[in-house]
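Q: I am new to this one. Could you take me through it step by step?

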Amino acid sequence: MTHFRTDLRQRAEELVSLYPRARSAMLPLLHLAQEQDGYLSDEAMAEVAELTGTTPAEVRGTAAFYDMFHLEPVGKYVVGVCTNIACLLAGGEDLLAHASATLGCSVGGTSPDGLFTLEETECLADCNIAPVVQVNHRYVRTTTPETFDALVDDLRNGRLDHDVPPHGTLIRIRRSGGLRVERDELAAERAEARAAREARAAAEAK
Amino acid sequence: MASLDAPQIVSSRSKFADSFTLSRYLETGGYEGLRKALTMFPEQVAAEVDAASLLGRGGAGFPAGRKWSMLRKAPVSYLVVNGDESEPATFKDHYLVERDPHQLVEGVIIAAYALQVTQAFIYLRGEFALGLERVQQAINEAYEHGALGRKIFGSSFSLDLVVHPGAGAYICGEETALIEALEGKRGFPRIKPPFFPAVTGLYGEPTVVNNVETMSNMPWIVLHGGAAFAALGAGRSAGTRLFALSGRVRNPGVFEIEMVKNTFRDLIYDPQLGGGVIDDRAIKAIIPGGVSAPWFGPELLDVPLGQDEVAEKGSMLGSGSIVVMDETTCVVRATWRIIKFFSRESCGQCTPCREGSGWLERILYRIENGGGRIEDVDLLLDLCDNIAPGLTWPPQQTTICVLGPSMPSSINAAISMFRDDFYAHVQHGGCPHD
């Protein structure tokens with residue numbers, strides 16, 4: 001019995017097969033685990049360790065380095081408000097304070113109903129609409145306290161379910177296609193091409 | 001007057017609402033560059049890129065052609081595209097991956113062909129969820145279209161392309177840290193030498209790492225020739241470039257303009273570009289190339305937007321992001337927020353950066369919030385001197401990577417230009433702007 005649901009376990013194995021070495025699938029697999037559980041549970045990390053040929057400690061140690069991974073449960077919606085330089089100049093700090101009051105939790109905390117977790121983020125690279133807000137890593141156009149409150153209301157009432165998937169879902173488009181060739185065959189082709197190139201270079205040198 | 005006659009090389013499709021779809025891409029000349037490249041020898045494609053004099057668009061500005069040619073002796077194993085765009089106020093790669101993912105994919109295939117690589121990765125910031133979906137969709141469509149996979153467009157060249165999500169770490173934009181992340185590890189920059197992944201890269205094999213915008217230029221360069229690209233711009237700064245303008249301007253955004261032919265003033269004030277400062281206020285300072293760059297005062301607004309032109313004035317064009325601070329901006333608060341960013345993003349390997357960033361952040365915080373002392377101002381500079389001895393530009397390095405030595409830029413600039421503002425905070429017992 002795997003911790004990953006059957007369909008996600010299959011996706012996990014596909015992800016591992018994309019890379020020359022299994023460990024390279026670490027970050028994609030952790031995103032997948034977070035998609036299933038909303039955060040990284042011990043059981044999920046143990047399974048990622050098995051899939052990547054590492055230990056659970058190595059998985060945790062890697063996951064802990066990255067801001068997007070949560071080692072504790074979070075709300076259904078993780079709301080990020082940027083206060084870095086471009087957003088600072090556009091009132092990002094005031095918007096963050098307003099968000100904290102509206103959601104009823106401090107920065108880093110979760111709202112009493114367990115629905116929202118609030119984060120202060122670093123630059124999210126969308127500075128032309130500063131101050132920038134993301135919900136579950138989807139950009140939302142909310143630059144004033146009023147539009148922020150409307151956003152929260154929409155999220156609470158499920159009006160944005162189509163645009164904003166639950167926390168952890170990073171990518172909704174699955175990979176199709178791919179190169180199904182033996183690596184030896186590819187290497188032989190490249191060696192042939194390289195020999196041809198060297199022959200051209202030699203001919204030019206003469 | 002701004003010079004806006006140059007062609008839109010990488011941003012021409014963004015005016016279409018469906019710019020990210022294969023159908024729009026094919027209607028507007030998509031994959032023609034790749035078809036042409038496949039009729040050429042790989043070294044001829046590389047020679048065109050070399051002739052274009054394209055400087056890498058990631059931030060360091062290393063010539064893309066030379067990055068490739070350093071490797072010609074040993075075959076390259078992997079091509080990795082750096083789409084980790086996290087330098088504060090930089091948002092041009094984000095614009096490209098969401099609006100023109102096929103252009104990026106085509107550029108990667110062309111570069112892979114020139115380098116004769118059969119496995120390529122696009123590393124994208126995890127926070128770009130929509131960008132990841134658009135690029136994955138483009139890759140799926142490219143396979144379907146025959147532009148990726150086995151024997152591309154009937155040629156003898158095959159390529160597999162994988163999009164790899166990051167997970168939130170500024171440091172992964174540093175190319176050796178990016179490779180560590182791609183190997184499934186913490187994003188710790190690698191000890192140098194070797195200086196280039198070209199020598200020891202992914203899985204210890206020769207690897208080329210190029211930026212998203214650099215790759216997005218490839219289709220145009222192949223179609224129109226390297227000489228046509230090199231004819232734009234001036235000096236070492238060839239072609240056009242995407243500039244990301246933000247801060248206290250009326251019309252912030254990403255603008256593709258010819259390098260060197262325009263100045264900071266053109267970009268900020270031209271009605272078709274930045275449209276001027278909000279409420280017509282005076283400019284206090286600008287950050288000319290990402291928060292790692294020393295600031296410019298208003299007296300330097302007429303410096304042309306070129307790599308060497310900005311370097312001559314003691315800063316850098318860096319990641320092509322320009323932040324405008326007007327006369328109402330508190331420079332102490334701005335500096336504090338920039339250093340807070342570095343403190344948060346320091347990977348923790350090197351003492352000067354790990355410890356220094358926290359000290360600097362706390363000192364700036366207390367000056368801004370009423371706990372500052374007069375001697376704190378010089379203490380900041382002393383600490384900076386420990387991280388980047390001599391406070392020179394470009395900075396001296398005491399650390400594995402340039403993150404730590406990037407911190408003194410803004411502090412040194414802010415204190416040199418606005419020392420009295422710092423003193424005013426101490427005397428006022430807090431921020432006079434509050």
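Q: What radius of gyration does chain A have, and what would a compact globule of 206 residues have?
A: In this predicted model, chain A has a radius of gyration of 23 Å, whereas a compact globule of 206 residues would have one near 17 Å.

Q: And what box do its C-alpha atoms fill, along the principal axes?
A: The C-alpha atoms of chain A fill a box of roughly 75 × 50 × 30 Å.

Q: Into which domains is chain A divided?
A: Domain 1 of chain A covers residues 6-63, and domain 2 covers residues 77-156. The C-alpha centres of these two domains of chain A are 29 Å apart.

Q: How many helices and strands are there in chain A?
A: Chain A has eight helices and four strands. Read from the N terminus, the order in chain A is α-α-α-α-β-α-α-β-β-β-α-α.

Q: What percentage of the residues of chain A count as buried?
A: The buried share is 42% of the 206 residues of chain A. As for contacts in chain A with a separation of 6 or more, 58% of them involve residues 24 or more positions apart.

Q: Now the contact between the chains. How many residues does it take from each?
A: Chain A gives 53 residues to the contact and chain B gives 62 residues.

Q: Which helices of chain A supply at least two residues each to that side?
A: They are α2 (26-37), α4 (56-63), α5 (85-88) and α8 (183-205) of chain A. The largest share on the side of chain A that touches chain B comes from α8(A), with seven residues.

Q: What is that side like by class?
A: The side of chain A that touches chain B has 27 nonpolar, 13 polar and 13 charged residues.

Q: Switching to chain B: what should helix α7 span, and what is the distance between its ends?
A: Helix α7 of chain B (residues 129-145) has 17 residues, so at 1.5 Å a residue the expected span is 24 Å. Its end C-alpha atoms are 24 Å apart, which agrees.

Q: Is α7(B) mostly covered or mostly open?
A: α7(B) is mostly covered, with 12 of its 17 residues buried. Among the buried ones are Leu132(B), Val135(B), Ile139(B) and Tyr143(B).

Q: What do those buried residues pack against?
A: The buried residues of α7(B) pack against β4 (138-140) of chain A. In chain B, they pack against α1 (22-27), α5 (92-99), α6 (101-115), β2 (119-124) and β3 (160-165).

Q: And what comes just after α7(B)?
A: Gly146(B) comes just after α7(B) and takes a positive phi of about 85°.

Technical notes
Residues are numbered from 1 along each chain as its sequence is written. Chains are lettered from A and ligands numbered from 1 in the order in which they are written. This is a predicted model: local features need pLDDT of at least 70, side-chain atom pairs count only at pLDDT 80 or more; totals for chains, interfaces and linings use all residues. Domain bounds come from an automatic or database domain assignment. The radius of gyration is taken over C-alpha atoms; the globule rule is 2.2 Å times the number of residues to the power 0.38. A residue is buried if 20 or more other C-beta atoms lie within 10 Å of its own, exposed if 12 or fewer, and partly exposed in between; C-beta atoms are placed from the backbone. Two residues are in contact if their C-beta atoms, placed from the backbone, lie within 7 Å. The expected span of a helix is 1.5 Å times one less than its number of residues. Ala, Val, Leu, Ile, Met, Phe, Trp, Tyr, Cys and Pro count as nonpolar, Asp, Glu, Lys and Arg as charged, and the others, Gly among them, as polar.
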